[in-house]
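Please examine the structure shown below with its sequence at hand. The report that follows concerns a buried side chain and several charged pairs.

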Amino acid sequence: MERVYTRAVGCCLVLVLFSGTLEAQDLRNYRWENRLVVLLTPDLQDPVFLRQLAEMQGAAKALKERKGVVLTVTPDGYATGLDPVKAQDRKPGKQTGAISRMDPSDGFRLVLLGLDGGIKLESREFVPAESLWALIDSMPMRQREMGEKGK
């Protein structure tokens, strides 16, 4: 009986400890699967953000080829994909975990996260898609991917 009680208490404790980090799983779900191009902006109408988003939309095929996913973070929520204003995709409210540490209120910023989740590039200015592709294509894991495709 004591063993069952201990196990039940342990399960409850795990649920309580991890319930606050469920939303934080959002970025972890991409690790080793996708490279993230995170666009932080104080406003979806910010001119630099709009230019960067248009650049990503125009290069959607190249982005997909490189396992890229765009994540837009604003002060009131975040969205994945190339259309950050689609209501069904936006996740409003206060974020937790890694997303909560991304502060979009101090101006536009692009952050490229590699497959390992590490920051590979951070810029407060527009970044041409070709520059992103050159950086990604120089990464060891991407080199391996391209080598495997060539076989």
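The text below describes one leucine and its surroundings, and then turns to salt bridges. The model is predicted.

**The leucine L132**

L132 belongs to helix α6, which covers residues 129-137. Is L132 buried or exposed? Its relative accessible area is 0%, and because buried means under 20%, L132 counts as buried. Apart from neighbours within four places in sequence, the residues in contact with L132 are M56, L110, L112, L121 and V127. L63 offers a further view of the fold around this residue: 69 residues separate L63 from L132 in sequence, while their C-alpha atoms are 9.4 Å apart in space.

**Salt bridges**

Side chains of opposite charge can pair when their charged atoms come close. How many salt bridges does the structure hold? There are nine. Three of these pairs are listed here, each with its N to O distance.

| Pair | Distance, N to O |
|---|---|
| E145 and K67 | 3.5 Å |
| D106 and R124 | 3.1 Å |
| K120 and D116 | 3.1 Å |

The first pair in the table joins E145 to K67, with 3.5 Å between the closest N and O atoms. E145 is in helix α7 (residues 140-150), whereas K67 is in the loop between α4 (60-65) and β2 (68-74); the pair therefore ties together parts that are 78 residues apart in sequence. The two partners can also be described by their accessibility. E145 is buried, at a relative accessible area of 13%, and K67 is partly exposed, at 35%.

The pair of D106 and R124 is a salt bridge between side chains. D106 sits in the loop between α5 (97-100) and β5 (109-113), and R124 in the loop between β6 (119-123) and α6, so this salt bridge ties together parts that are 18 residues apart in sequence. D106 is partly exposed, with 44% relative accessibility; R124 is also partly exposed, with 45%.

The remaining pair in the table consists of K120 and D116, whose side chains meet in a salt bridge. K120 has a relative accessible area of 34% and is partly exposed. D116, at 24%, likewise counts as partly exposed.

**A network of charges**

Which residues are linked in a network of salt bridges? The network consists of R35, E65, R66, K67, D137, R142 and E145. Its members thus include K67 and E145, the two residues that form the salt bridge of 3.5 Å described above.

Definitions and conventions. Residues numbered from 1 in each chain as written. Predicted model: local features only at pLDDT ≥ 70, side-chain atom pairs only at ≥ 80, totals over all residues. Heavy atoms only, no water. Helix = DSSP H or I, 4+ residues; strand = E, 2+ residues; numbered from the N terminus. Buried < 20%, exposed > 50% of the residue type's maximum accessible area, 1.4 Å probe, protein only. Contact = heavy atoms within 4.5 Å. Salt bridge = Lys/Arg side-chain N within 4 Å of Asp/Glu carboxyl O.
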